[in-house]
There are 2 protein chains.
Amino acid sequence: MSTATTTAKSASTNTSGEALILIDGSWRPATASGTFSATNPATGIAIADKYPISTWSDINAALDASVKAFEELRCLPAERIASFLELFASKIEKSKDKLVAIANEETGLPVVPRLADVELPRTFNQLRAAAAATRTGSWAQATIDTKANIRSVYEGLGPICVFGPNNFPFAFNSLAGGDFAAAIAAGNPVIGKSNTSHPGTTRAFAELAWEAIEELDMPRGMVQLIYRTSHEDGERLVSDIRVGATGYTGSRHAGLKLYEAASKAGKPFYAELSSVNPVVILPGALKERRAKLVEDYVASGLAAVGQMCTSPGIVLLIESPEASSFVEEVSDKYKSAAAGTLLSRSVQQSLHRSVQSLVSFGATLVTGGEVVPGDRCALTNTILKATGKQFLESPEKFQTEAFGNAALMVVCSDLDELHQILRSLEGNLTGSIYSHTGNDDDAAYSVISKTLVSKVGRFLNDKMPTGVAVTAAMNHGGPYPATSHPGFTAVGIPGSMLRFAKLTSYDAVRQDRLPWLLTNKNATGKTWRSIDGQWTVADVAS
Amino acid sequence: MSTATTTAKSASTNTSGEALILIDGSWRPATASGTFSATNPATGIAIADKYPISTWSDINAALDASVKAFEELRCLPAERIASFLELFASKIEKSKDKLVAIANEETGLPVVPRLADVELPRTFNQLRAAAAATRTGSWAQATIDTKANIRSVYEGLGPICVFGPNNFPFAFNSLAGGDFAAAIAAGNPVIGKSNTSHPGTTRAFAELAWEAIEELDMPRGMVQLIYRTSHEDGERLVSDIRVGATGYTGSRHAGLKLYEAASKAGKPFYAELSSVNPVVILPGALKERRAKLVEDYVASGLAAVGQMCTSPGIVLLIESPEASSFVEEVSDKYKSAAAGTLLSRSVQQSLHRSVQSLVSFGATLVTGGEVVPGDRCALTNTILKATGKQFLESPEKFQTEAFGNAALMVVCSDLDELHQILRSLEGNLTGSIYSHTGNDDDAAYSVISKTLVSKVGRFLNDKMPTGVAVTAAMNHGGPYPATSHPGFTAVGIPGSMLRFAKLTSYDAVRQDRLPWLLTNKNATGKTWRSIDGQWTVADVAS
């Protein structure tokens with residue numbers, strides 16, 4: 001299927017086949033400094049469609065429109081925003097075949113089960129969960145002090161910029177994913193910047209969002225799309241006075257530049273940057289159920305060709321015959337498994353560089369490490385090995401993220417060395433400890449667990465970190481460099497909405513002037529509010 | 001009273017009268033690059049005590065000790081932390097006379113009612129509220145998904161640096177104030193940097209904190225004190241990998257430099273920087289109760305010599321005979337009131353500069369603007385006036401914060417101009433609208449209120465912004481430059497604790513390994529937790 005053919009019919013492409021940007025409710029030609037194309041990573045062939053690199057005048061127009069849209073959104077009942085999210089979700093569900101085809105072409109991710117059966121349903125379900133949260137309003141943590149007559153609530157913050165990552169073309173898409181859903185549900189307009197590896201997928205979402213806006217007569221500028229900017233304009237965007245905050249998932253280097261610019265201007269910047277997701281396997285577990293652990297590890301490590309944010313990139317073991325067997329058996333399975341297609345040439349190149357770096361630091365290449373010949377973007381499944389001593393000599397180097405189907409096994413001489421390694425770790429999204437199902441590993445567990453917990457956003461027992469359930473109890477976050485703020489999750493409704501909200505106290509404000517979540521009457525009859533220190537769905541007693 | 005005499009007896013001063021720093025439980029001489037003294041602003045005379053300017057080796061030692069203290073704190077039950085806060089609070093209450101005397105000498109704030117009857121009780125009450133929050137654990141928003149067996153909670157983040165402001169020597173003190181209480185209650189050690197205008201007050205708190213640590217055998221490094229560092233070392237401190245986060249209240253310029261350094265390193269930095277706290281008085285209110293408004297405004301504007309964070313620095317009026325009378329009557333009262341003592345020479349100089357700047361931008365000096373002759377730090381009570389048109393021509397200039405007993409009256413030609421001014425405002429801690437007690441101002445209110453709300457952390461009706469109640473519904477925060485993050489409050493338990501907490505999910509973690517707030521059994525029987533979307537104090541049904 002040719003994307004060019006598909007989209008030529010749409011409003012979002014001009015007559016010469018160049019993509020239009022969505023600004024203030026109009027598909028218009030960009031004031032571009034150049035164009036770019038996506039490439040099919042399974043074939044290495046460039047996709048026909050051309051996408052513009054916007055200059056500041058486009059961004060400035062988007063910012064102006066988003067300020068206007070924010071003023072309009074603030075005057076709409078939550079019900080309207082919820083309806084928009086739901087209509088958008090339905091349109092996505094109905095456009096499944098088209099969306100899956102474009103995303104498959106742009107990312108190489110398999111149509112089934114990944115794109116069609118897992119990621120797209122997750123995407124429209126997230127939007128529906130966000131709608132439900134908006135409608136009920138419990139997300140906003142309304143807090144009422146009846147004695148002082150002071151009432152606080154989280155509410156919309158302002159225009160939100162979203163920079164989505166390459167590895168989830170649907171569920172983290174700038175125009176439909178988790179950050180988008182959270183930002184809109186909290187009452188904000190979104191300016192989405194497409195990930196440059198899947199602009200067509202992003203455009204397809206923007207088309208559906210715009211249809212929903214038109215059908216429901218929502219603020220025209222509430223969802224806007226640009227494809228790409230210069231680095232300089234990106235920094236100017238996230239630090240602009242008109243912006244409320246930014247959600248960014250991507251490379252550490254680019255993210256930090258943007259974060260620095262945003263911070264100078266006092267603008268919150270939520271970045272998810274880098275994570276090696278350490279997995280500790282204690283001796284008792286290895287003795288008890290090695291075959292199962294090998295199987296679990298390989299399934300997790302190779303899931304999505306190792307391109308999950310939570311892919312287990314470092315395994316920590318204590319020297320023993322079982323540990324050697326574990327490494328050997330995992331390596332054998334990695335060797336015999338087919339090398340999957342990576343998201344892009346740049347992912348392949350970066351992965352290859354990381355593997356070579358780890359080898360240059362002293363790691364042993366057990367299997368893999370070779371670029372798969374031909375035009376497909378792929379590297380043979382890779383296992384590296386190092387000793388705990390090596391790791392501790394250069395902990396920063398050995399924490400190099402190898403994003404893709406490569407992992408590092410670190411064999412420590414004893415528990416103390418393993419503990420030292422945990423202390424040397426940077427922040428991570430996840431950390432796992434596997435232990436004996438009885439008590440054999442209890443002593444070791446109690447020595448190391450608190451250290452690992454303090455380094456991660458999600459701490460797991462006897463479980464691999466891939467597979468991020470969308471639940472209120474999820475934390476997809478963690479200390480730097482996993483993210484830029486250890487207090488927030490990027491996955492899970494309602495938690496992820498709080499990133500894009502402003503806390504406001506209403507002090508002595510008259511009943512008929514209060515936001516609906518703060519009136520004495522509980523407007524829905526089921527909104528959770530904290531009244532004088534007690535959570536309740538009741539009205540304020542009058 | 002000579003502070004030198006008072007403190008010479010204490011452990012925190014060496015034989016030559018130079019203050020010692022508190023590192024890892026020892027009062028030790030600083031590795032200093034120099035010393036400084038505080039000055040009594042009521043007399044202009046330097047106080048005898050010398051305080052060291054620490055170099056990196058002191059800070060490095062404090063950081064190492066705080067990491068150790070954090071590991072120890074993580075293993076202590078919440079009850080122990082609560083007991084420490086309570087014992088510290090009691091010691092503060094018992095040392096009232098001494099603390100009040102030192103603070104009065106260093107800040108010029110009146111002994112009664114301000115220091116003895118208001119600020120000190122607020123300080124020990126905050127510590128007690130923080131203790132209660134720690135003990136109950138509801139602050140941590142434990143969230144349990146029973147189906148997925150994922151459980152999240154806020155918990156300690158790591159060593160917290162606190163830079164306290166000059167204007168609240170007790171309630172925001174680096175070693176006893178709101179940030180301190182919140183950081184400790186959330187399970188973190190604190191490295192406090194004294195405000196340089198009241199080092200003696202800060203040392204006195206540190207002595208009491210250390211006594212409480214010793215008596216209760218708490219981690220030695222949980223509370224540490226340094227007095228001052230170079231700017232460079234300050235930036236290095238807040239961005240050090242060992243730090244969890246920083247709470248800063250102070251000047252915008254210094255705060256932004258630190259914020260930038262912290263952000264580059266991915267370290268949360270909560271800054272409270274600057275706020276002019278606009279007060280809008282609508283025509284109906286002015287017609288209805290001008291005399292009362294004049295009285296309220298003067299009381300609030302001159303409270304603490306205008307040195308409250310929430311002091312109403314800009315009043316917005318619509319041209320009318322009543323508006324002219326309001327300005328005149330306020331000015332008359334400002335003129336006839338005695339000029340209070342400012343916190344320091346530098347506050348006086350900075351206030352004088354701000355007033356002169358506003359005049360140079362075109363504001364009219366209605367009364368005041370003169371340095372009070374003599375050694376006392378004081379400026380005559382000052383009222384400036386400008387038109388809405390002038391303001392809109394240079395909104396940034398007219399928002400210059402004049403910290404102290406000076407305010408700007410902006411007389412707009414009509415409601416639309418007033419609305420334009422609100423749109424041009426930067427973020428503020430507070431914003432107030434006074435309106436007719438009946439319906440006379442309803443139309444005007446509905447035009448402007450949402451715009452003002454979007455710019456402020458706390459929005460008030462018919463009420464002056466000074467006086468910040470310590471309640472769960474308080475937001476002492478707001479968009480930049482009021483603070484560096486619009487989602488957090490610096491006042492109010494439990495809200496302020498969340499700034500210094502890390503969100504952690506426990507995924508499939510066994511019951512006996514879970515934190516006490518996440519076990520099936522509700523450990524206190526009264527801890528609020530969200531279980532499958534319902535807030536409850538019940539156990540998880542098994």
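Biologist: Let's start where the two chains meet: which residue of S21(B) does Leu460(A) stand opposite?

Modeller: Happy to, and bear in mind that this is a predicted model. Strand S20 (residues 456-461) of chain A and S21(B) are joined by three bridges and run parallel. Within that pairing, the residue of S21(B) opposite Leu460(A) is Asp507(B).

Biologist: Which element gives the most residues to the side of chain B that touches chain A?

Modeller: On that contact, 59 residues of chain B meet 59 residues of chain A. Elements giving two or more residues to the chain B side include helix H9 (252-264), helix H16 (442-453) and strand S21 (501-507). With seven residues, the one that gives the most is S21(B).

Biologist: And how does that side of chain B divide by class?

Modeller: Good one to ask next. The side of chain B that touches chain A has 14 charged and 18 polar residues, and its nonpolar residues number 27.

Biologist: What relation holds between the two chains?

Modeller: Chain B superposes on chain A with an RMSD of 0.0 Å, after a rotation of 180° and a shift of 0.0 Å along the axis. The same surface serves both copies, since 100% of the contact residues of chain B recur in chain A. The rotation and shift together give the relation of a two-fold axis.

Biologist: Turning to chain A, how far apart do the C-alpha centres of its domains 1 and 2 lie?

Modeller: Domain 1 of chain A covers 3-142 + 155-272, and domain 2 covers 279-461. Twelve residues of domain 1 are in contact with twelve of domain 2, and the domain 1 side has two nonpolar, eight polar and two charged residues. The C-alpha centres of these domains lie apart by 34 Å.

Biologist: Is Glu235(A) buried or exposed?

Modeller: Glu235(A) sits in helix H8 (residues 231-238) of chain A. Beyond its neighbours within four places in sequence, Glu235(A) is in contact with Lys257(A), Leu258(A) and Ala261(A); Leu258(A) is 23 residues away in sequence but 5.2 Å away in space, C-alpha to C-alpha. Because Glu235(A) has 20 C-beta neighbours inside 10 Å, it counts as buried.

Biologist: Which residue of S10(A) is the bridge partner of Phe163(A)?

Modeller: Strand S9 (residues 160-163) of chain A pairs with S10(A) in the parallel sense over four bridges. Both faces of S10(A) are covered, with Val190(A) and Gly192(A) buried on one side and Ile191(A) and Lys193(A) buried on the other. The bridge partner of Phe163(A) is Lys193(A).

Biologist: Where is the residue Ala304(A), with its positive phi?

Modeller: Most residues other than glycine have a negative phi. Phi of Ala304(A), however, is near 55°, and this residue is buried, with 21 other C-beta atoms within 10 Å. The place of Ala304(A) is in the loop between helix H10 (283-301) and strand S15 (314-318) of chain A.

Biologist: Which residue does a cis peptide bond join to Tyr480(B)?

Modeller: Most peptide bonds are trans. In chain A, the bond from Ile493(A) to Pro494(A) is cis, with omega near 10°, and Pro494(A) lies in the loop between S20 and strand S21 (501-507). In chain B, a cis bond with omega of about 5° joins Tyr480(B) to a residue in the loop between S20 and S21, namely Pro481(B).

How values were computed:
Residues are numbered from 1 along each chain as its sequence is written. Chains are lettered from A and ligands numbered from 1 in the order in which they are written. This is a predicted model: local features need pLDDT of at least 70, side-chain atom pairs count only at pLDDT 80 or more; totals for chains, interfaces and linings use all residues. Two residues are in contact if their C-beta atoms, placed from the backbone, lie within 7 Å. Ala, Val, Leu, Ile, Met, Phe, Trp, Tyr, Cys and Pro count as nonpolar, Asp, Glu, Lys and Arg as charged, and the others, Gly among them, as polar. Two strands pair if DSSP finds at least two bridges between them. Copies are superposed by least squares on the C-alpha atoms of residues with pLDDT of at least 70 in both. Domain bounds come from an automatic or database domain assignment. A residue is buried if 20 or more other C-beta atoms lie within 10 Å of its own, exposed if 12 or fewer, and partly exposed in between; C-beta atoms are placed from the backbone.
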